[in-house]
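Colleague: Please take a close look at how the aromatic rings come together in this model, and follow the chain outwards from them. I would like the cut-offs stated as you go.

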Amino acid sequence: MNITGLESLVFGVDDMAGCRRYLLDYGLDEVDFDPAVGGSYAALDGSSIVMRHSGDPALPPLPPGAHSPCLRETVYGVADAATLEAVRLNLAADRPVEADSDGRLHAIDDAGFAIAFQLSRKRPYTARHLGFNVPGQPPGRAPNDCAANPDEVIKPRSLSHVVYFVPDAVQAEAFYARLGFVTTDRFNHLGPFMRPAGLQEHHTLFMLQRMNEHMVGCNHFTFHLGSAAEVLQHGWNFVKKGYQSFWGPGRHVLGSNFFWYFNSPFGAVMEFDADMDIHDDSWVPRVVDPGADNSQIFLFNARDKWAPGG
């Protein structure tokens, strides 16, 4: 099935003002906002975060064991009407599927997470070309094009991935496999990284086996930035605005993406990421034990700036 990736994540939140400020500081563009209802916040390609009051009766149910604030629905894009119909038939074989007035399909996956599918609404966009000067290769930037700009406006480019805690990772993986998702890598006894067939990025979905009653709902979510330098600079600016670093900066082993995670008011950690691997159907999934050595190839902690003589 030609499912093309994430389109939006819908959250039920308790601190509407704090969530709004967080998303604006993260760099997303405000599409709409009504304090009585909620708002939508988009990356450059139109993929987005949607927030609603946690008590909104129109929201799908919470995942099992979760409480607000929390992810309430994950929305995927599909390439065409034929794929959307194939998704409908697949899901309707063993669960209720509802279509809304916009043609979006809604259902619940085998782990209890609300999911939706729509014709993709992502858009082309223009952003600064990020070139790199590497010895032995043609220059990536023209002469006198300086890469370091303290006033650079850094914008998230696309919704990258979401991570669930699930009660049965084997069952959850089988559910998404039937929709054409491909497992790219796996942590033993923990869970799979998966990508939809219409996208070659290492993963849009990672699922973690629940080990205790605290591992519920959404673990984290993230948008792609343009480069490792953007992750570092934007993350540094985030720290200076008072947001608490949770993990990073560093670079993962599985997926190779640069990362920096921050606490958020969404009931999940929010990440900056960049430079994720892509894979085709010839890729053989790696299976490794979970742990620090397989989680990152390096890891730093933020500290105040320093200069010689300072």
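Modeller: In this predicted model, ring pairs join F11, Y22, Y26, F221, F223, F238, Y243, W260, F262, F266 and F272 into a cluster. A pair here means that the rings of Phe, Tyr or Trp (its six-membered ring) have centres within 6.5 Å, with planes under 30 degrees apart called stacked, over 60 edge-to-face and the rest tilted. Two conventions apply throughout: residues are numbered from 1 along each chain as its sequence is written, and side-chain values use heavy atoms, with hydrogens and water left out. Because the model is predicted, local features need pLDDT of at least 70 and side-chain atom pairs count only at pLDDT 80 or more, while totals for chains, interfaces and linings use all residues.

The structure holds 27 aromatic pairs. One of them is formed by F238 and Y243, which are stacked at 4.2 Å centre to centre with 20° between the planes. Both members are buried (under 20% relative accessible area, with exposed meaning over 50% and partly exposed lying in between, for a 1.4 Å probe and protein chains only): F238 has a relative accessible area of 1%, and Y243 has one of 18%. A tilted pair is made by W247 and F259, at 4.9 Å centre to centre and 50° between the planes. This pair links distant parts of the chain, since W247 belongs to strand 14 and F259 to strand 15 (residues 258-262), twelve residues apart; helices (H or I, at least four residues) and strands (E, at least two) are DSSP runs numbered from the N terminus. The two partners differ in their surroundings, for W247 is partly exposed at 26% relative accessible area, whereas F259 counts as buried at 0%.

W247 also leads to the second largest pocket, because W247 is among the residues nearest its centre, together with F206, H220, H252 and Y261, in a lining of 21 residues. A pocket, on a 1 Å grid over the protein atoms alone, is an open set of points with protein on both sides within 12 Å along at least five of seven lines, and lining residues have an atom within 4 Å of a point. Its volume is about 360 Å³, taken as the space filled by probe spheres set on grid points that are joined across faces, edges and corners. The largest share of that lining, three residues, comes from strand 14, and the lining as a whole has twelve nonpolar, eight polar and one charged residues. In this count Ala, Val, Leu, Ile, Met, Phe, Trp, Tyr, Cys and Pro are nonpolar, Asp, Glu, Lys and Arg are charged, and the others, Gly among them, are polar.

Returning to the cluster, Y22 and Y26 are also among the buried residues of helix 1 (residues 16-26), where M16, C19, L23 and D25 are buried as well. Helix 1 is followed by G27, with a positive phi near 115°.

Elsewhere, eight strands form an open sheet of mixed pairing in the order 2-3-4-1-5-8-7-6, where two strands pair if DSSP finds at least two bridges between them. Its edge strands, each paired on one side only, are strand 2 (29-34) and strand 6 (98-99). Strand 1 runs parallel to strand 4 over six bridges, and V13 stands opposite H53 in strand 4. Strand 5 (residues 70-78) is joined to strand 8 by five bridges, again in parallel, while strand 7 and strand 8 are antiparallel over four bridges. A116 in strand 8 is the bridge partner of V75 and also of H106. Five of the six residues of strand 8 are buried, so strand 8 is largely enclosed by the rest of the structure.

H106 is one of the residues nearest the centre of the largest pocket, as are S8, V10, E73 and R104, and 28 residues line this pocket in total. Strand 1 (3-13), strand 4 (48-53), strand 7 (105-108) and strand 8 (114-119) each give two or more residues to that lining. The largest pocket has a volume of about 620 Å³, and its lining comprises eleven nonpolar, seven polar and ten charged residues.

Definitions and conventions. On a 1 Å grid over the protein atoms alone, a cavity is a set of points where a 1.4 Å probe fits but cannot get out, and a pocket is an open set with protein on both sides within 12 Å along at least five of seven lines; lining residues have an atom within 4 Å of a point.
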